[in-house]
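Reader: Please give me a close look at a single part of this model. I would like the pocket with the most space, and then whatever connects to its walls.

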Amino acid sequence: MAENEIFIEDEVLALDDSTDEQVDDLNYTNLVGFVQGRYKRAEDYREQDEDRWVRAYRNYRGLYGPDVQFTEAEKSRVFIKITKTKTLAAYGQIVDVLFSANKFPISIEPTELPEGVESSVHLDPKAPENVETEPEQDLESPYGFANDGKQLPKGATEESLLEKLGPLDDKLRDVENLESGAGVTPSAINFSPAMVAAKSMEKKIIDQLQESGANKHLRSTAFEMSLFGTGVMKGPFAVDKEYPNWDENGEYNPVYKTMPQVSNVSVWNFYPDPDASNMDEAQYVIERHKMSRSQLRALKRRPYFREMVIEDAIDAGENYHKKDWEDDLSDYSNEQTVERYEVLEYWGMCDVEMLQDQGIEIPKEVKEFDEIQINAWVCNGKLIRVVLNPFKPATIPYMAVPYELNPYSFFGVGLAENMDDTQTLMNGFMRM
């Protein structure tokens, strides 16, 4: 295929790398402007939300803002940290509920009417059709006899006896006289294929999430949800995790396994569609990254990132600009020069016609659509990655959870904002 052409590899549609990015990427300036324009619009819209978050953060830290004026009679600068106490209490209660079972709070249960598999089956060995008639003298005693090898172990239950049988689905596959539904007689043996499949899936998902540190990210999300009113999670994404391993000769030979990974996204770096009140209505979402040279170069090892364009973006120099709220969050002296790169990660809809106008060839499989979901990364005015949304069905991989629902706004109301008036009154009385 030609250079800079959209190609399909492993069912993923992506923009190919460039050999001469200074010339070829001129064709994609409109797509870069499209992403930056939507980012600017989302940034302007949430300006009032940023003011609320800054005030909530100051109350949490016990810091007076520039809007507080002290009189000559007020010698004290005392700040009663009631907001911090209440916020940490709410955060602790949320964490206790989420991790009450000491694992990631997720469970898989079969539906009431599972499709493609029986909800439950049973076998009754003492049913009339399953009992073979033999001469009376050959019938064994129903109670057995001593040392016949059929003694029940102490403390045996129905579940423990079934576990000794091993995976019943394999054993019952060739068993005749299986009937749908649960058995109603005391001698019936019940088996639930849907439940076994659901629990096996749950165990695997929880093991993988624990390997990726999902508990830590969920705790960070719960904290920002309590303090600022909104917590954001991202994922899951498939990533290759390195496990240390040394062979018999003492040489390092790591093992790589593909694992799902979820992460917390700070609400400060989350820019949703300003016309949406929840993620279901959002047409797009933009995440703002603050990356060093090493982090930016590490993107080249991830699938479908354009290596030559990344190097050109690095050569253009650091382009990170601090926001006003970053100085309010910092406890150190204000430093305007930041040796970092600003990278915008866009997830959302894009018109197929606009992609075609950029000279990007669209496969016939998606030409019939008016718009498609894409994932685009922009740094220093260059497209370092463009792929069609790899999720099936296409979805934006972000989840935003409010602490207190604000039905007319995307961002929720946090506990610190609810404590604002109480905090102000207590500080005023204490200063007097």
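Author: Start with the terms. Helices, marked H, are DSSP runs of at least four residues, strands, marked E, are runs of at least two, and both are numbered from the N terminus. The model is predicted.

Now the pocket. About 1300 Å³ of space lies in the largest one. Its lining counts 35 residues. Phe237, Ala238, Val239, Arg302 and Pro303 are the ones nearest the centre. By class, the lining has 17 nonpolar, 9 polar and 9 charged residues.

Which elements build the wall? Strands E6 (230-243), E7 (255-265), E9 (284-291), E10 (341-351) and E11 (371-379) each give at least two lining residues. Helix H9 (293-298) does so too. Let us walk along some of these elements and the loops that join them.

Take strand E6 first. Pro236 sits in this strand. The peptide bond that leads from Gly235 to Pro236 is cis, with omega near 5 degrees. That stands out because most peptide bonds are trans.

Helix H8 (residues 214-228) holds Phe228. Is Phe228 buried or exposed? Phe228 has a relative accessible area of 5%. The cut-off for buried is under 20%, so Phe228 counts as buried. Phe228 also has a partner far along the chain: Tyr403 is 175 residues away in sequence, yet the two C-alpha atoms are separated by 8.3 Å.

Next comes helix H9. The loop between H9 and H10 contains Tyr304. Tyr304 has a positive phi of about 70 degrees, although it is not a glycine. Why point this out? Most residues other than glycine have a negative phi, so a positive one is worth a look.

Follow the chain into helix H10 (residues 307-315). Val309, Ile310, Asp312, Ala313 and Ile314 are buried there. One charged residue, Asp312, is in that buried list. Just after H10, Gly317 takes a positive phi of about 100 degrees.

Now go to strand E11. The loop between E11 and strand E12 (382-388) holds Asn380. Its phi is near 55 degrees, again a positive value in a residue other than glycine. How open is Asn380? Its relative accessible area is 23%, so Asn380 is partly exposed.

Step beyond the pocket for a moment. Pro407 lies in the loop between strand E13 (398-402) and helix H13 (415-418). With a relative accessible area of 52%, Pro407 is exposed. Ser277 is 130 residues from Pro407 along the chain, and their C-alpha atoms are 7.1 Å apart.

A cavity differs from a pocket, because a probe fits in a cavity but cannot get out, while a pocket is open. The structure has 3 cavities of 30 Å³ or more. The largest cavity holds about 60 Å³. Its lining includes Tyr45, Arg46, Asp49, Pro272, Ser409 and Phe411. By class, that lining divides into 6 nonpolar, 1 polar and 3 charged residues.

Finish at the surface. Helix H14 (residues 420-431) contains Phe429. Phe429 is exposed, with a relative accessible area of 58%. Together with Leu425 and Met432, Phe429 makes a nonpolar surface patch of about 410 Å².

How values were computed: Residues are numbered from 1 along each chain as its sequence is written. This is a predicted model: local features need pLDDT of at least 70, side-chain atom pairs count only at pLDDT 80 or more; totals for chains, interfaces and linings use all residues. Side-chain values use heavy atoms; hydrogens and water are left out. Patches are made of residues with over 30% relative accessible area and no salt bridge: like charges are joined within 9 Å, nonpolar side chains (Val, Leu, Ile, Met, Phe, Trp, Tyr) within 5 Å. Accessible areas come from the Shrake-Rupley method with a 1.4 Å probe; for residues, only the protein chains shown count as cover. A salt bridge is a side-chain nitrogen of Lys or Arg within 4 Å of a carboxyl oxygen of Asp or Glu. Buried means under 20% relative accessible area, exposed over 50%, partly exposed in between (1.4 Å probe, protein chains only). On a 1 Å grid over the protein atoms alone, a cavity is a set of points where a 1.4 Å probe fits but cannot get out, and a pocket is an open set with protein on both sides within 12 Å along at least five of seven lines; lining residues have an atom within 4 Å of a point. Grid points are joined across faces, edges and corners, and a volume is the space filled by probe spheres set on the points.
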